[in-house]
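Reader: I would like to go through this model slowly. Please tie each value to its definition.

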Amino acid sequence: MNPDGLLEGLDDDQRQAAQALLGPVCLLAGAGTGKTRAITHRIAYGVASGVYPPGRVMALTFTTRAAGELRSRLRSLGASGVSARTFHSAALAQLSFFWPQTIGGTLPRVLDSKARLLAQAAEAVRVPVDTAVLRDLAAEIEWRKVAGLSIDAYEAAAETRMLPGNLDAHSVTAVHRSYEEIKDSRRQLDFEDVLLATIGMIEEEERVAQQVREQYRFFVVDEYQDVSPLQQQLLDSWLGDRQDVCVVGDASQTIYTFAGAKSDYLLDFGATYTDAQVIRLERNYRSDPGVLAVANKLMRDRPGALTLAPTRPTDAAERVVELHTYPDELAEARSVADDIAARVGSGVAPSEIAVLFRINSQSAALETALDERGISATVRGTGRFFDQREVKEAMMMLRAAALTMSDEPLFKTVSDILRSLGWTQQAPETRGALRDRWESLDTIMTMAEQCPPGTTTGQFVEDLGERQAAQNEPTRDAVTLATLHSAKGLEWDHVYLVGLSEGYLPISYAKTPQAVEEERRLLYVGITRARSTLRLSWAKVGPHRAAERPRSRFLEELGTSIEDAAATRVG
């Protein structure tokens with residue numbers, strides 16, 4: 001392909017990025033600014049101009065979906081020989097190749113999941129756990145390893161962390177030690193070990209280092225704001241003393257610090273490489289100017305924040321950004337569903353509409369409201385509400401209770417069953433699987449409270465069954481329901497952001513300034529998913545809560561940048 005042809009259609013900043021082929025390069029790329037286009041054309045231009053031998057280029061991403069998209073785009077641009085992989089897949093390929101040569105024998109088995117081994121480790125040290133706590137313990141092990149902490153260092157850090165299942169730092173650390181001992185005795189590796197072992201092999205074996213660095217000379221790292229200390233260490237090992245690395249990221253979209261991500265590597269890139277070219281991509285090709293005004297105000301003066309500049313005129317036919325207030329969450333869900341039904345009725349494809357929220361359990365009321373209006377919906381990033389394990393357990397126990405024909409009030413029957421499954425009136429002040437489980441059970445409690453007086457357990461179970469059957473119908477062209485985390489990297493014409501109250505956003509367990517700032521960035525990610533319209537909403541009263549909740553502090557900050565529609569209708 002003609003190299004100059006690859007530069008056609010790029011804006012000035014994208015073209016500058018595409019032509020910056022050598023040395024350290026940092027692309028600060030805001031949402032909707034065409035960063036994938038810029039980096040794929042940069043790689044393809046390097047190949048077409050003869051600067052890059054395609055087999056010596058490594059493009060690194062964080063998901064297999066993103067890696068697949070990069071490979072597809074590079075093939076279409078004539079750069080099919082370039083390797084586009086996740087950090088883990090690249091490390092595993094190298095480890096599998098070099099292990100027999102350096103250690104001998106075959107590579108140890110890589111665990112598909114930590115759960116079973118963790119359960120055995122917890123039992124060995126007599127720490128009681130359930131499924132939710134096991135999932136959270138696995139997340140703690142992953143955090144320790146990607147943060148580069150030894151077990152001793154982790155035990156000290158754990159004193160100030162939110163730990164799973166009300167366990168203390170000593171108990172959690174004991175499980176960590178037991179897990180590592182059992183894993184090593186069985187000659188097994190987990191995903192983090194793959195990166196650690198690859199780093200060790202490159203740093204300890206000169207021959208391995210030479211082969212790896214001869215194979216890959218030019219590196220491109222997408223979503224660099226999400227890199228962890230462990231991934232940065234691996235990247236440094238691959239690079240050696242070379243500097244041909246291009247990193248791409250947006251500090252305002254750092255939403256995985258709880259998993260070990262550090263935007264410091266992106267923010268400090270210019271200081272790490274004093275001769276680095278730093279290029280800013282701020283022309284936004286996605287969103288209406290009204291959407292961008294809200295996004296820019298939310299992130300103003302934050303570290304690394306970019307100012308997104310619109311490239312399209314505003315849509316004068318309708319209000320682009322609205323803020324709606326509701327008396328309760330049921331009213332909010334019904335109003336959102338009414339508005340979506342009107343859009344679909346006017347000819348908008350359901351697939352161009354998304355409803356975004358902070359936690360999984362918020363989808364239940366929305367799924368029901370949309371189904372009542374004949375609107376198909378698909379839940380992204382998690383199973384449907386009634387497919388969740390704890391919900392299935394509760395349903396089974398409720399069906400059994402209905403057969404006893406008890407005269408107990410519905411509220412007491414449901415409350416007793418949910419309490420036996422771990423539900424309490426107060427939410428656990430922690431993130432992770434334990435909190436997710438509580439949210440799901442709490443949603444069932446809310447459904448029971450919303451039933452008319454005199455509803456029996458049997459009638460309640462029948463109602464739940466009807467909801468479950470309706471939500472399990474196959475869907476094609478459907479509205480997307482998604483958490484803010486799972487919406488990252490996607491976009492829709494019409495976006496509804498619901499539940500913007502204190503306790504949801506920021507989430508109640510965001511206690512530190514750093515945690516609150518991450519919640520701000522989550523909202524920013526949600527806002528910048530919208531192309532044409534953005535509807536923000538919140539409810540004054542949450543599920544079975546007598547006291548009113550204030551709207552999110554972030555809405556207070558945005559103030560007059562949003563036109564308050566002051567809607568309180570119930571659909």
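Reader: How much space lies in the largest cavity?
Author: About 50 Å³ of space lies there. This is a predicted model, in which local features need pLDDT of at least 70 and side-chain atom pairs count only at pLDDT 80 or more, while totals for chains, interfaces and linings use all residues. Residues are numbered from 1 along each chain as its sequence is written, and side-chain values use heavy atoms, without hydrogens and water.

Reader: What makes a space a cavity?
Author: On a 1 Å grid over the protein atoms alone, a cavity is a set of points where a 1.4 Å probe fits but cannot get out. Points are joined across faces, edges and corners, and the volume is the space filled by probe spheres set on them. The whole structure has 3 cavities of 30 Å³ or more.

Reader: Why is Tyr 52 called a lining residue of the largest cavity?
Author: Lining residues have an atom within 4 Å of a point, and Tyr 52 is listed in the lining, as are Arg 42 and Asp 244, among others; therefore Tyr 52 has such an atom.

Reader: How do you know that domain 1 and domain 2 touch?
Author: Contact means heavy atoms within 4.5 Å. By that rule 8 residues of domain 1 are in contact with 4 residues of domain 2, so the two touch.

Reader: What is the count of salt bridges between domain 1 and domain 2?
Author: The count is 0, so no side-chain nitrogen of Lys or Arg in one domain lies within 4 Å of a carboxyl oxygen of Asp or Glu in the other.

Notes. 1 Å grid on protein atoms, 1.4 Å probe; cavity = no way out; pocket = protein on both sides within 12 Å on 5 of 7 lines; lining within 4 Å.
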